[in-house]
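Me: I'd like to go through a structure with you and ask how its labels are justified. Could you take me through the reasoning?

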Amino acid sequence: MARPRTPLLSRDRIVGAALALVDAEGLDALSTRRLAAGLSVSGPSLYNHFATKDELLDAVVDSVMGEVDLSMFDAVADWRTALRDWARSYRAALAAHPNIVPVLAQGPGRRPNALRLADAVFGCLVEAGWPRGQATRIGALMRYFITGSALGSFAAGFPEDAEVYAARYPHLTEAHLLAEHRRSIDEGAFETGLEALLDGLDLRYRRTAGSD
């Protein structure tokens with residue numbers, strides 16, 4: 001029997017193609033027509049695997065969540081070290097797929113990988129002695145910080161034309177150089193913010209851990 005000219009469709013293949021399309025062209029580019037064309041299949045064949053576009057998008061977002069390392073929560077480590085390592089892995093996953101961040105920022109929904117992530121973070125904090133209410137707020141705080149850091153580049157948002165700043169913004173005379181160093185600035189800002197958050201949480205932990 002002759003082999004099919006194109007690989008058989010599967011959920012993983014569809015999700016991979018959809019993620020590649022979103023990475024390359026943004027969320028608005030994702031459509032059944034575009035995806036089917038890229039996979040060399042008919043549009044209706046996609047519905048054998050995903051009933052709606054929203055269901056497909058959920059799977060795409062969850063595949064990105066599956067890239068986040070959670071192994072630090074299984075290791076023997078203090079809550080601060082675990083949160084730091086997890087936050088770095090989480091940001092790396094989002095930085096690799098920035099176009100998906102607006103959907104991801106809406107919350108975990110019913111996505112399995114996203115719920116596993118939330119469960120791991122919450123469990124780590126509660127087991128370390130954080131009150132459950134505090135642990136919930138810390139999980140939310142970390143998600144706000146990490147997703148916010150991945151929404152866009154601070155440094156790249158400044159025009160590279162020095163004349164923009166010369167006359168009216170005396171404290172920004174070197175702002176035109178920021179875009180040139182965007183990676184070091186953005187990553188440095190994330191690390192500064194992460195350590196500041198953890199320092200503040202550490203102080204709170206010493207006062208409140210074990211209380212409700």
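Me: How many salt bridges does the structure hold?

Reply: This predicted model holds 10 salt bridges.

Me: What makes Glu 55 and Arg 11 a salt bridge?

Reply: Their closest N and O atoms are 3.7 Å apart. The cut-off is within 4 Å, so the pair counts as a salt bridge. Glu 55 sits in helix α4 and Arg 11 in helix α1, 44 residues apart, and the pair links distant parts of the chain.

Me: Why is Glu 55 called partly exposed?

Reply: Glu 55 has 32% relative accessibility. Buried means under 20% and exposed over 50%, so Glu 55 falls in between. Arg 11, with a relative accessible area of 40%, is partly exposed by that rule too.

Me: Why is α1 called roughly perpendicular to α4?

Reply: Helix α1 (residues 11-25) and helix α4 (residues 53-65) pack at an angle of about 80°, with their axes 9 Å apart. Angles of 65 to 115 degrees count as roughly perpendicular, so the label fits. Among the residues making the contact are Arg 11 and Ile 14 of α1 and Glu 55 and Leu 56 of α4. The contact divides into eight nonpolar, one polar and two charged residues.

Me: How do you know that Arg 88 and Glu 191 meet in a salt bridge?

Reply: The N to O distance is 2.9 Å, and the cut-off is within 4 Å, so the pair qualifies. Arg 88 lies in helix α5 and Glu 191 in helix α10, 103 residues apart.

Methods: Residues numbered from 1 in each chain as written. Predicted model: local features only at pLDDT ≥ 70, side-chain atom pairs only at ≥ 80, totals over all residues. Heavy atoms only, no water. Axes fitted to C-alpha atoms, helices over the stretch in contact; angles between N-to-C directions. Helix = DSSP H or I, 4+ residues; strand = E, 2+ residues; numbered from the N terminus. Parallel < 35°, antiparallel > 145°, perpendicular 65-115°, else oblique. Contact = heavy atoms within 4.5 Å. Nonpolar A, V, L, I, M, F, W, Y, C, P; charged D, E, K, R; others polar. Salt bridge = Lys/Arg side-chain N within 4 Å of Asp/Glu carboxyl O. Buried < 20%, exposed > 50% of the residue type's maximum accessible area, 1.4 Å probe, protein only.
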